[in-house]
Amino acid sequence: MSDQSAVGQFIDVASAARRPRPRDELAAYGIVRRLRGATVLDIGTGDGRLAFGAASAGAALVVGIDPDPSALRAARRNARALALRNVSFRTGAAQDLPVPRGRFDIAILSWAL
Amino acid sequence: MVDALHEATRALRPGGLLIDARPDSRVLARIERAGRTVATLETQRGAASDDRASDLAVSRVKRDGVLRRIRAGRFWHRMPFADRADFDTYLRDHLRFSHQPRWTAAWRAKAREWRGDPLVVVRAIRFEILTAAAPSSAAGRSSRAPRARALARSSRTRDLR
């Protein structure tokens with residue numbers, strides 16, 4: 001696989017259903033306390049699974065990035081259902097992130113690299 | 001992949017953390033029935049190759065002094081299935097796992113009898129926590145931020161049930 005094609009693939013949103021629970025995954029990384037009040041970038045967010053976990057753990061702002069518009073539609077739907085106001089989603093690829101320089105305390109590449 | 005790591009680093013504040021997490025294809029996944037391993041699952045060649053490319057990309061940005069490791073670890077992800085049919089449906093189109101588990105002799109001997117029993121796939125997830133390397137290569141342990149030091153002390157391996 002070439003370096004260019006390796007990131008930015010569309011992954012079936014349904015496949016996220018078998019991923020670890022976000023709370024468990026974030027706890028395994030040992031960053032739960034650090035999430036409080038943090039700005040978080042979730043690269044390859046898919047349906048927002050981990051972004052919602054970070055938002056629920058007290059992050060001030062979570063931005064989820066994914067190249068797949070259908071995944072982001074699902075993510076935005078989920079955000080509305082969860083009434084989370086500290087999460088937003090943007091279409092973009094990991095190689096060219098639509099975010100400003102030096103904005104985030106934590107960037108997560110979960111199943112994304 | 002290297003580009004993605006550079007981009008993620010660009011988005012971070014000074015002292016920010018980058019977390020890279022992926023299934024660990026160097027470790028065989030196992031299938032458990034009633035707490036005992038009844039099969040192992042290999043990773044498809046293409047997925048394993050992608051994983052190696054990702055590893056190389058991370059190694060490269062560390063070697064180039066873009067990022068440095070704060071901590072690395074692994075946890076176990078358990079995926080429950082109602083029965084063999086449920087598991088087979090999951091495996092049929094799986095992009096990472098081999099579609100042919102290596103069943104143990106014990107399973108093969110009782111396959112029909114155990115067909116309706118719940119199964120659990122247990123797979124390793126590896127992660128690495130990185131931070132932007134200081135511009136000076138003299139950035140050693142003493143230069144770490146206190147929070148980064150605290151993070152480095154926390155436990156390495158967990159079992160997620």
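Helices (H or I, at least four residues) and strands (E, at least two) are DSSP runs, numbered from the N terminus. Everything below concerns a predicted model, in which local features need pLDDT of at least 70, side-chain atom pairs count only at pLDDT 80 or more, and totals for chains, interfaces and linings use all residues. Residues are numbered from 1 along each chain as its sequence is written, while chains are lettered from A and ligands numbered from 1 in the order in which they are written.

**Exercise 1. Two odd alanines**

Task: Find where B:Ala34 lies, and work out whether B:Ala34 is buried or exposed.

Solution:
- Step 1. Look between strand 2 (29-33) and strand 3 (36-41) of chain B: B:Ala34 sits in that loop.
- Step 2. Check the backbone. Most residues other than glycine have a negative phi. B:Ala34 is not a glycine, yet its phi is positive, about 50°.
- Step 3. Count neighbours. A residue is buried if 20 or more other C-beta atoms lie within 10 Å of its own, exposed if 12 or fewer, and partly exposed in between, with C-beta atoms placed from the backbone. B:Ala34 is exposed because it has 10 other C-beta atoms within 10 Å.
- Step 4. Now try chain A. A:Ala83, in the loop between helix 4 and strand 3 of chain A, has a positive phi of about 55° without being a glycine. A:Ala83 counts as exposed because it has 6 C-beta neighbours inside 10 Å.

**Exercise 2. The layout of chain A**

Task: Trace the elements of chain A in order and pick out its β-α-β unit.

Solution:
- Step 1. Chain A has four helices and four strands, and along the sequence they follow α-α-β-α-β-α-β-β.
- Step 2. Pair the strands. Two strands pair if DSSP finds at least two bridges between them. Strand 2 (residues 61-66) and strand 3 (residues 87-91) of chain A run parallel and are joined by five bridges; for A:Val63, the bridge partner in strand 3 is A:Ser88.
- Step 3. Add helix 4 (residues 69-82) of chain A to strands 2 and 3, and you have a right-handed β-α-β unit. Right-handed means that, with the strands pointing away from the viewer, the path from the first strand over the helix to the second runs clockwise.

**Exercise 3. A covered helix and the core**

Task: Say how many residues of helix 3 of chain A are buried, then see what A:Ala54 touches.

Solution:
- Step 1. Helix 3 (residues 49-56) of chain A has seven of its eight residues buried, among them A:Leu50, A:Phe52 and A:Ala54. Just after this helix, A:Gly58 has a positive phi of about 105°.
- Step 2. Two residues are in contact if their C-beta atoms, placed from the backbone, lie within 7 Å. Leaving out residues up to four places away in sequence, A:Ala54 touches A:Leu26, A:Leu35, A:Val40, A:Asp42, A:Ala59 and A:Val62.
- Step 3. A nonpolar core is a set of buried Ala, Val, Leu, Ile, Met, Phe, Trp, Tyr and Cys residues joined through C-beta atoms within 7 Å. The largest one has 56 residues, of which A:Val40, A:Ala54, A:Ala107 and B:Ile19 touch the most other members.

**Exercise 4. Where the chains meet**

Task: Work out which strand supplies the largest share of the side of chain A that touches chain B.

Solution:
- Step 1. The contact takes 31 residues from chain A and 32 residues from chain B.
- Step 2. On the chain A side, helix 1 (22-29), strand 1 (39-43) and strand 4 (104-110) each supply at least two residues. Strand 4 of chain A gives the largest share, seven residues.
- Step 3. Follow that strand across: six bridges join strand 4 of chain A to strand 1 (residues 12-23) of chain B, and the two run parallel. A:Ile108 has B:Ile19 as its bridge partner there.

**Exercise 5. How sure is the model?**

Task: Find which stretches of chain B have pLDDT under 50 or below 50.

Solution:
- Step 1. pLDDT is the predictor's confidence in each residue, from 0 to 100. Chain B has a mean pLDDT of 87, and 83% of its residues reach 70 or more.
- Step 2. Residues 136-146 of chain B stay under 50, and residues 152-161 of chain B are below 50.
- Step 3. For the model as a whole, the scores are ipTM 0.86 and pTM 0.83.
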